[in-house]
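Me: Could you take a close look at one part of this protein for me? I would like to understand the places where the ligands sit, and what the side chains around them are doing.

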Amino acid sequence: MDIKCYFVAGGAGFIGSNFVRHLMAKYPQAKVVVYDKLTYAGNVANLADVADDPRFRFVKGDICDRYLVDRGVRGADVIVNFAAETHVDRSILEPDAFIQTDIVGVHTLLEAARKYGVKRYVQISTDEVYGSIEDGHFSEQSSINPSSPYSASKAAGDLLVKSYWTTYRLPVVITRASNNYGPYQHPEKLIPLFVTNALEDKPLPMYGDGMQVRDWLYVDDHCRAIDLVIEKGEKGAIYNVGASCEKTNREVTHRILELLGKSESLIKHVADRPGHDRRYALTAEPLRQLGWAPLKPWEERMAEVCQWYSARRDWWEPLKSGDFEEYYRRQYPDLMAKAGR
Ligand code: NAD
Ligand code: TYD
């Protein structure tokens, strides 16, 4: 497909910023517009290495803002929507922003996509829309059954996107990826939180028994999958993105402690997350049929990730101060009680 300009909503977040780097390295002729509200999770530092490239433009804006979205999308060939409120625990504390961004914001982008006749609208979604599965795996045909305000809002966004294909033949594609890990992930999520806490010799708050299972996907493998479905994906289709790399939270935690040479006494069992999904697992046959596969094994990637966070304190230390400390106190009262605060 001849793509001259990508509009990347939420491109200052974790996966979006990695995707922008992927695009700019792979397509020397392409322009990239990042449109991002810069919430607590958005960070211009994630894009520092491409910021001065003449092919790159940053626009600060909310995907719910019809006027700004309209102006930003004009001239773009492809919209890739990463913009979302993304943290399950925050959706349990305060769901409002999730309804706005993950549903109303998606509608705003879809309307602009329809008005300007983009070649592709890609909705970056999640395996969490399928809900929890005890045995077996979800496929693209599985029904949705979300558990948290986060996954319910993402599921609603997916339904809107699908309706724009069915009703208006807007050339959409939906990707549903499993849990990502890699550089530039906000330290509120499991892997960066536990790695950075371990580096600081702080407790690692494990919810419940720690036997919940997630299917871990390295962020670059996810970015290559998105690129592939833009180029070769079927219009109106859903593509699961999963590396078949199931680990319990305990396994992940033990690996982090081993890699960093830290003691298991750092693990603190805290109250479980309400409605906690026990296991996510999915197949990704249609994507694999297009030729996709993860590039390296989990063990190797985890070592690289621990090294990255060890070397980039300059990146994550500021994110763990200020408002984050307030959130942390609210989210982990058990830790505060143990620390006598
Ligand atoms: P993130 O929280 O790191 O980044 C989200 C970005 O969206 C931030 O830059 C934020 O500023 C921006 N944003 C939030 N609200 C906005 C709004 N109203 N208008 C414009 N920008 C806004 O998230 P992430 O982990 O990079 O996830 C990106 C996408 O991938 C999300 O849609 C998420 O649902 C999906 N996803 C994430 C994972 C994962 O494991 N992280 C897995 C599967 C799918
Ligand atoms: P998270 O990174 O929040 O991703 P998601 O809930 O979207 O899968 O959490 C991954 C797993 O780690 C999940 O089972 C919840 C668990 N977890 C903890 O045990 N402690 C924590 O402090 C966090 C943030 C997550």
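Reply: Happy to help; what follows is a walk through the two ligand sites, then the aromatic rings, and then a few single residues. Please keep in mind that this is a predicted model.

Let's begin with ligand 1. There are 28 residues around ligand 1, and those that come nearest are I15, D36, T86, Y150 and K154. Of these, K154 offers a polar contact you can pick out on screen: an N or O atom of its side chain is 2.7 Å from an oxygen atom of ligand 1. D62 also uses its side chain, placing a polar atom 2.9 Å from a nitrogen atom of the ligand. G13 takes part through its backbone instead, with an N or O atom 2.9 Å from an oxygen atom of ligand 1. How much of the accessible area of ligand 1 does the protein cover? On its own ligand 1 has 840 Å² of accessible area, and the protein covers 97% of it.

It also helps to see where the shell around ligand 1 comes from. Helix 1 (14–26), strand 5 (120–126) and helix 5 (149–168) each supply at least two of its residues. Strand 5 gives the most, with 3 residues. By residue type, the shell around ligand 1 divides into 12 nonpolar, 12 polar and 4 charged.

Now for ligand 2. This ligand is surrounded by 20 residues, and E128, R214, R273, H276 and Y332 are the closest. Two of these make polar contacts through their side chains. In R214, a side-chain N or O atom is 2.7 Å from an oxygen atom of ligand 2, and in Y332 a polar side-chain atom lies 2.7 Å from an oxygen atom of the ligand. P205 contributes from the backbone, where an N or O atom lies 2.7 Å from a nitrogen atom of ligand 2. Ligand 2 on its own has 510 Å² of accessible area, of which the protein covers 97%. Helix 3 (88–93), helix 6 and strand 8 (204–207) are the elements that give two or more residues to this shell. The shell around ligand 2 is made up of 9 nonpolar, 5 polar and 6 charged residues.

Y332 leads us on to the aromatic rings. Besides its contact with ligand 2, Y332 belongs to one aromatic cluster together with Y207, F324, Y327 and Y328. Y327, another member of that cluster, has a charged neighbour: R90 lies over the face of its ring, at 4.0 Å from the ring centre. A comparable arrangement to look up is R114 over the face of Y168, where the distance from the ring centre is 4.0 Å.

Across the whole structure, a search finds 17 aromatic pairs. Y184 and W315 form an edge-to-face pair, because their ring centres are 5.6 Å apart and their planes stand at 90°. This pair links distant parts of the chain: Y184 is in the loop between strand 7 (180–181) and helix 6 (190–199), while W315 is in helix 11 (residues 313–316), 131 residues away. Both Y184 and W315 are buried. W308 and Y309 also pair edge-to-face, since their planes are at 80° and their centres 4.9 Å apart. W308 and Y309 are both buried too.

Finally, here are a few residues to look at one by one. L38 has a phi near 55°, a positive value in a residue other than glycine. You will find L38 in the loop between strand 2 (31–36) and strand 3 (56–60), and at 26% relative accessibility L38 counts as partly exposed. R169 likewise has a phi near 55°, again positive in a residue other than glycine. R169 lies in the loop between helix 5 and strand 6 (172–177), and R169 is exposed, with a relative accessible area of 51%. V106, in helix 4 (residues 96–116), is buried, with a relative accessible area of 1%. From V106 to R279 is 173 residues in sequence and 27 Å in space, C-alpha to C-alpha.

Note on methods
Residues numbered from 1 in each chain as written. Chains lettered and ligands numbered in written order. Predicted model: local features only at pLDDT ≥ 70, side-chain atom pairs only at ≥ 80, totals over all residues. Heavy atoms only, no water. Phe/Tyr/Trp six-rings, centres within 6.5 Å; stacked < 30°, edge-to-face > 60°. Helix = DSSP H or I, 4+ residues; strand = E, 2+ residues; numbered from the N terminus. Buried < 20%, exposed > 50% of the residue type's maximum accessible area, 1.4 Å probe, protein only. Lys NZ or Arg CZ within 6 Å of the ring centre and 35° of its normal. Near = heavy atom within 4 Å. Polar contact = N/O pair within 3.5 Å; in protein donor to acceptor, adjacent residues only side chain to side chain. Areas by Shrake-Rupley, 256 points an atom, 1.4 Å probe, with all protein chains shown as cover. Nonpolar A, V, L, I, M, F, W, Y, C, P; charged D, E, K, R; others polar.
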